[in-house]
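Here is a short briefing to read alongside your structure. Keep the 3D view open and follow along as we go.

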Amino acid sequence: IEGSVQRSGDRVAVTVQLIDPVADRHLWAKSYDRELRDILSLQREVARAAVAAGADAVLGHHPHLLKGVEFIEGKPVFYSLGNFAIEQPAAFDESIRDHSSFDHLQTLSGGWQPQGKYQTPPETRHSIIAWLDFACEGPPEVALQPCRIDDDSVPHPLSPGSAEWDEWLAYLAAITAEAGLNAVYKPRTDGLISCAPQQAAR
């Protein structure tokens, strides 16, 4: 999926298109015009439309936060994989910290550490590697590798039994429930986490 977003006042215009990367052809395109306050429901509407148009999975990104997973017609929708490769330039260039735009960023969410090496809020450290197995007929089997971004902005896989692993799983379960999504997460014996729709979770 690719597209564009334009904001005007309290409205947002979104153009989305679904592309087959192998055949390099457009499968579907649509434009949306909504009030900005409806942006989260629009995200889910776009995901539903993409699945209806033939997407086998939707992997979202950009909000800088790990978000929950939803299954639509059995197809996984990752609303945001969170950060994976992220820089903290303000940690090395004090002129950035002194800029008004940096001050504005800190008003958007609590937990900023302007003097720290990793400056963004703690929840932005949560990251993920999503494993999608398309070997079987039908929707892919989904497994998750929890990751945490360290002070040097490097993501590291987490292992079961660690406090960070437990915190990561609790965070993902909480944000999934808060958003009313239907994914269920269960630890596997290989250290990954299975991710399945609620009614199909084993």
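Let's start with one residue: apart from neighbours within four places in sequence, Q43 is in contact with K67 and Y79. Please bear in mind that this is a predicted model. From Q43 we can move on to the pocket, the sheet and a lysine worth finding in your viewer.

**Q43 and its surroundings**
- You will find Q43 in helix α1.
- Is Q43 buried, partly exposed or exposed? Its relative accessible area is 28%, so Q43 counts as partly exposed.
- D20 is 23 residues from Q43 in sequence, and the two C-alpha atoms are 20 Å apart in space.

**The largest pocket**
- The largest pocket holds about 1,700 Å³ of space.
- Its lining has 50 residues, and those closest to the pocket centre are Q43, H61, H62, P63 and Y79. Two names here are familiar from above: Q43 is on this list, and so is Y79, a contact of Q43.
- Which elements supply at least two residues each to this lining? They are the strands β1 (2–8), β2 (11–20), β4 (58–59) and β6 (75–78), together with the helices α1 (39–52) and α3 (100–108).
- Strand β2 gives the largest share of the lining, with seven residues.
- By residue type, the lining is made up of 30 nonpolar, 14 polar and six charged residues.

**The three-stranded sheet**
- Three strands form an open sheet in the order β1-β2-β3, and their pairing is antiparallel.
- At the edges are β1 and β3 (25–35), each of which pairs on one side only.
- Ignoring direction, neighbouring strands of this sheet are turned by 10° against each other on average.
- How many bridges join β2 to β3? There are ten, and the two strands run antiparallel.
- For a single pair to look at, take V14, whose bridge partner in β3 is Y32.
- Helix α1 packs on the sheet, where it touches β2 and β3. The direction of α1 makes about 160° with that of β3.

**K75, a lysine in strand β6**
- K75 lies in β6, a strand that also supplies at least two residues to the lining of the largest pocket.
- Is K75 buried or exposed? The cut-off for buried is under 20% relative accessible area, and K75 is at 16%, so it counts as buried.
- Not counting residues up to four places away in sequence, K75 touches V51, A55, D56, E70 and P139.

How values were computed
Residues numbered from 1 in each chain as written. Predicted model: local features only at pLDDT ≥ 70, side-chain atom pairs only at ≥ 80, totals over all residues. Heavy atoms only, no water. 1 Å grid on protein atoms, 1.4 Å probe; cavity = no way out; pocket = protein on both sides within 12 Å on 5 of 7 lines; lining within 4 Å. Points joined across faces, edges and corners; volume = space filled by probe spheres on them. Helix = DSSP H or I, 4+ residues; strand = E, 2+ residues; numbered from the N terminus. Nonpolar A, V, L, I, M, F, W, Y, C, P; charged D, E, K, R; others polar. Pairing = 2+ DSSP bridges. Axes fitted to C-alpha atoms, helices over the stretch in contact; angles between N-to-C directions. Contact = heavy atoms within 4.5 Å. Buried < 20%, exposed > 50% of the residue type's maximum accessible area, 1.4 Å probe, protein only.
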